[in-house]
Amino acid sequence: MIQNVKPQLESLTEKDVLITPKLGDLSSADFKKSEEFIQLGQEAALAILPKLQRYAVTPEQFAQWSKSRTEKHLVNLPIATEAIVGVKRVNPEVIESVLDVSTGKPLDLPQFHQKLEKVYAGGDFSQLDYELIRNDHSSDLIVRPIEKSWGPNYLNLGLSFGTDFEGSTPWNISALYRRTWINSLGAEWKTNLTIGSSQEFKTEFYQPLRLDGLLFIAPYLSYNEEPLSLWFDKTQYATFKYATSSLGVDLGSTVSKFGELRVGVSANKYKMTQDVGPPVLSTGNATDYGVNAALLFDQLDNYFFPKEGQYLKLDAYASIANDKQINEYGRISGEFKAAVPTSSGTSLFTVRGQVYTGDIPFYADVKWLGGFLNLSSFKYQELLTDKYLYASAQYYQTMAWLSSGYWGVALEAGKVFDKLNTAQYQDINLSATAYIAYDSYLGPIYLGASYGNNETWSAYFMLGKQF
């Protein structure tokens with residue numbers, strides 16, 4: 001944008017008038033504040049009205065100009081041909097499939113622009129241009145995508161750390177590698193590696209089966225290892241290493257530009273080993289094989305601080321074969337978020353939980369409550385479980401004195417149906433949380449404090465979401 005504005009400013013002469021409204025805290029992201037922009041524009045124009053009056057014409061002259069302008073409006077002619085030019089990596093047939101332009105009919109511009117947005121959202125282009133070349137009775141459509149000058153290999157690096165000011169200081173370094181357009185259907189290979197307090201490796205090959213991406217197949221391999229804490233009456237009693245690995249393949253469909261549906265099969269291995277403390281939980285290995293299904297819908301406009309939109313993720317798994325350590329079982333988990341804009345900020349509502357059927361050992365899929373915005377007044381992993389329900393209502397708004405800064409408050413409630421430790425807490429556990437945050441280029445930075453009906457204060461400082 002700066003590169004476009006600079007030459008325009010340099011081209012101004014004494015024949016031109018530059019109007020610069022004082023926007024204050026308003027930015028290009030404030031789409032819902034158009035009335036404020038209009039008011040500031042009117043005030044700026046009226047402030048230099050004498051300079052603008054030299055362009056004035058009589059009402060008769062303006063009416064004549066308006067009439068001639070209307071008569072010159074172009075008639076939308078039928079499309080005779082369509083061409084995608086200038087692409088080297090991206091298959092032009094995939095772009096044509098998404099745009100779905102019908103020849104012999106006039107171009108529906110609003111609908112066409114929406115389809116262009118879908119092409120741009122794929123992340124392969126830095127710019128999308130198109131041109132309509134008029135013939136006698138038709139138009140030729142030429143689309144000129146400008147591919148990114150970097151890629152098709154992408155590498156992103158990340159750093160995160162945190163502290164609860166009581167001895168827990170998790171940290172991680174991560175790397176994400178993505179290779180796009182491996183073949184003409186748009187196959188991608190994505191690999192994520194994390195080292196630090198927890199270890200994670202996941203690689204997936206995403207292969208579309210159709211030009212429009214409606215169907216795809218995705219084999220994957222993953223490994224995750226993280227520390228697991230056992231708490232008794234607000235005291236950390238023992239620590240374990242909890243590791244899971246999976247090998248599977250999914251068949252999926254992009255149900256919309258905001259989500260996807262997957263079904264697949266996987267083989268899973270679970271391992272629990274003890275680090276510190278008395279042997280109060282069973283350890284060992286277990287393996288099972290099962291079928292899984294997942295639905296993802298994401299329309300939030302920002303992952304950490306959305307201003308509007310909804311998010312839904314549902315996962316289901318059924319164990320159909322296993323070793324002697326695991327019986328057949330089924331599990332369903334889900335999370336829903338809804339961001340609702342208000343006059344000065346945003347209200348974010350969250351509900352998530354997990355249930356299961358059958359006899360499942362806890363280390364097959366252990367979950368927990370405790371940690372920042374996960375029942376914040378409880379210590380991280382203080383409530384181990386495999387069946388729970390959590391809900392929160394959060395409000396935050398931007399700081400007037402710090403761009404990309406926020407202050408927020410949250411009310412949280414959580415119920416653990418099957419405790420995996422002997423901690424005696426309320427049937428429904430509550431927390432009230434307050435925080436300030438900054439959405440930095442490295443990730444969100446939080447400083448927060450919480451108090452709950454466990455009669456305990458907790459405090460957090462984090463880069464990224466560590467707790």
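At 39% relative accessibility, S34 counts as partly exposed, and this serine belongs to helix α2, which is made up of residues 34-47. The model being described here is a predicted one, and within it the C-alpha atoms of S34 and I182 lie 43 Å apart, with the two positions 148 residues apart along the chain.

From α2 the description can pass to helix α6, which comprises residues 109-121. This helix has 13 residues and reaches 18 Å from its first C-alpha to its last, a span close to the 18 Å expected at 1.5 Å a residue. Which residues of α6 are buried? They are F112, K115, L116 and V119, and because these residues cover an arc of only 105° around the axis, they are placed on the same side of α6. The other side of the helix carries exposed residues, namely P110, Q114, E117 and A121. As for what covers the buried residues of α6, the cover includes α5 (92-99) together with the strands β2 (125-134) and β3 (139-147). Just after the helix, G123 takes a positive phi of about 85°.

The two strands named as part of that cover also frame the next residue of interest, since S138 has its place in the loop between β2 and β3. Is S138 buried or exposed, given a relative accessible area of 17%? Buried means under 20% relative accessible area, so S138, at 17%, counts as buried. Leaving aside residues up to four places away in sequence, S138 touches L77, P78, A80 and I133. The two serines discussed here therefore fall into separate classes, S34 being partly exposed at 39% and S138 being buried at 17%.

Further along the chain, attention turns to the surface. A nonpolar patch is formed there by L209, L214, L215, I217, V249, L251, V263, V265, Y289, V291 and I320, which together have about 870 Å² of accessible area. The elements that give two or more residues to this patch are β8 (215-232), β9 (235-256), β10 (259-276) and β11 (284-298). One of the patch members, L214, is found in the loop between β7 (199-208) and β8. With a relative accessible area of 35%, L214 is partly exposed, and because patches are made of residues with over 30% relative accessible area, the 35% of L214 satisfies that cut-off.

Terms used:
Residues numbered from 1 in each chain as written. Predicted model: local features only at pLDDT ≥ 70, side-chain atom pairs only at ≥ 80, totals over all residues. Heavy atoms only, no water. Patch = residues over 30% accessible without salt bridge, like charges linked within 9 Å, V, L, I, M, F, W, Y side chains within 5 Å. Areas by Shrake-Rupley, 256 points an atom, 1.4 Å probe, with all protein chains shown as cover. Salt bridge = Lys/Arg side-chain N within 4 Å of Asp/Glu carboxyl O. Helix = DSSP H or I, 4+ residues; strand = E, 2+ residues; numbered from the N terminus. Buried < 20%, exposed > 50% of the residue type's maximum accessible area, 1.4 Å probe, protein only. Expected span 1.5 Å × (residues − 1). Arc of directions from axis to C-beta. Contact = heavy atoms within 4.5 Å.
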